Amino acid sequence: MNNKIRNFCIIAHIDHGKSTLADRLIEFTNTLSKKDMRNQLLDDMDLERERGITIKSHPIKIKYSSNSIEYELNLIDTPGHVDFTYEVSRSMAACEGAILLVDAAQGVEAQTASNAYLAMESNLTIIPILNKVDIPNIDIEDSKKQLIDLIDCKEEDIILCSAKDGLGTEEVLERIIDKIPPPKIGSDGSRALIFDSLYDQYRGVIVYIRLFDGEIKKGQTAEYFSNDFSHEIIEVGNLKLKREPTEILEAGNVGYAIIN
């Protein structure tokens, strides 16, 4: 089953269209109904919507069929501002691949380069994309050259898209399937990475996790490498627009756990 899983993030400079591309991927795969769709879907905070800047990372599970095979794509959205480099690195640690998104009108900018280097240091498979190619009178060839110089890719590796209009969305999904490797599964018990967390006043601490080995389910006890604490797991599940409880999370999965 894990060979049908792809875990990836989208990295970009501010306002290069990262949240808009995430919207198109979710929309194209019918992950949510039309009544649930809205712009900047993964941005929950009013400030994020007002300024167009992602502050918190938001994972979402997408189902996509290619050649009659259904794949599970776990999109882990990342902050776009330079002040959130640590949060970006945590998200990358939960992935095998990254979409590197560049505004074709603005080219490679500071945070583009910074995030690209983080992805390369994390040994992620990078998919280069030029966004906003529908803008008239832009120098696409110059932006391509900047991307090639940055990550040493080939010109044919670069996908041209318009996240606003949906141009290139299917090609992006197919490239994710073809290029990003499935998660590697170990054999030493159950092991997970907490890459984000939040506090719910009614339910307590909710952690976003990537399972590397084994499995976790309700009723188990979680122990932490960073300290001697241990807690009972009272719920696990998948992440879509809302949390969806499930019986078990297995190696390779991305989901959440509620800790007592």
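## Close-ups of a predicted model

**View 1. Helix α4 and its buried residues.** Seven names to look for here are Q111, T112, A113, N115, A116, L118 and A119, and they're buried in α4. Keep in mind that this is a predicted model. The helix itself covers residues 110-121, which makes 12 residues. From its first C-alpha to its last, α4 reaches 17 Å, close to the 16 Å expected at 1.5 Å a residue. What do the buried residues of α4 pack against? Their partners are two helices, α3 (85-93) and α5 (140-151), plus the strands β1 (5-12), β4 (97-103) and β5 (125-131). Follow the chain just past α4 and you come to N123, with a positive phi of about 60 degrees.

**View 2. The whole protein, for orientation.** Step back for a moment and you'll find six helices and 14 strands. The protein has 260 residues, and 50% of them count as buried. Take the contacts between residues at least 6 apart in sequence: 65% of these join residues at least 24 apart. The next views pick out some of those buried spots.

**View 3. L100 and the largest nonpolar core.** In soluble globular proteins, nonpolar side chains tend to be buried together. Here the largest nonpolar core holds 34 residues. Which of them touch the most other members? That would be I11, M92, L100 and L130. Zoom in on L100 and, leaving out residues up to four places away in sequence, you can trace its contacts to I11, T112, A116, I126, I127, P128, I129, L147, L150 and I151. There's also a second, separate core of 25 residues, with Y71, L75, I99 and I127 among its members.

**View 4. I151 in helix α5, and D152 right after.** Is I151, a residue of helix α5, buried or exposed? I151 counts as buried because its relative accessible area is 14%, and the cut-off for buried is under 20%. Not counting residues up to four places away in sequence, I151 touches L100, A116, M120, I126 and P128. I151 also sits 9.0 Å from A113, C-alpha to C-alpha, with their positions 38 residues apart in sequence counted as the separation. Now move on to D152, in the loop between α5 and β6 (159-160). D152 is exposed, since its relative accessibility is 69%. Its phi is positive, about 60 degrees, although D152 is not a glycine.

**View 5. K132 in a loop.** Look between β5 and α5 and you'll find K132 in the loop. K132 isn't a glycine, yet its phi is positive, near 65 degrees.

**View 6. I177 in helix α6.** This close-up is centred on I177, a residue of α6. With a relative accessible area of 6%, I177 is buried. Which residues does I177 contact, leaving aside neighbours within four places in sequence? The list is R6, Y64, Y71 and L73. E72 is 105 residues away from I177 in sequence, but their C-alphas are 9.7 Å apart in space.

**View 7. D165 in the loop ahead of α6.** The loop between β6 and α6 (169-179) is where you'll spot D165. D165 counts as exposed because its relative accessible area is 54%, and the cut-off for exposed is over 50%. D165 and R24 are 141 residues apart in sequence, and 8.5 Å apart in space from C-alpha to C-alpha.

**View 8. The largest pocket.** Rolling a probe the size of a water molecule over the atoms shows where empty space is left. The largest pocket has a volume of about 580 Å³. Its lining is made of 20 residues, and A192, I194, A222, E223 and Y224 are the closest to the centre. Which elements give two or more residues to this lining? They are β7 (191-200), β8 (204-213), β9 (215-217), β10 (221-223) and β14 (254-259). β7 supplies the largest share, with four residues. Sort the lining by residue type and you get 12 nonpolar, five polar and three charged.

Key. Residues are numbered from 1 along each chain as its sequence is written. This is a predicted model: local features need pLDDT of at least 70, side-chain atom pairs count only at pLDDT 80 or more; totals for chains, interfaces and linings use all residues. Side-chain values use heavy atoms; hydrogens and water are left out. The expected span of a helix is 1.5 Å times one less than its number of residues. Buried means under 20% relative accessible area, exposed over 50%, partly exposed in between (1.4 Å probe, protein chains only). Contact means heavy atoms within 4.5 Å. On a 1 Å grid over the protein atoms alone, a cavity is a set of points where a 1.4 Å probe fits but cannot get out, and a pocket is an open set with protein on both sides within 12 Å along at least five of seven lines; lining residues have an atom within 4 Å of a point. Grid points are joined across faces, edges and corners, and a volume is the space filled by probe spheres set on the points. Ala, Val, Leu, Ile, Met, Phe, Trp, Tyr, Cys and Pro count as nonpolar, Asp, Glu, Lys and Arg as charged, and the others, Gly among them, as polar. A nonpolar core is a set of buried Ala, Val, Leu, Ile, Met, Phe, Trp, Tyr and Cys residues joined through side-chain atoms within 4.5 Å.
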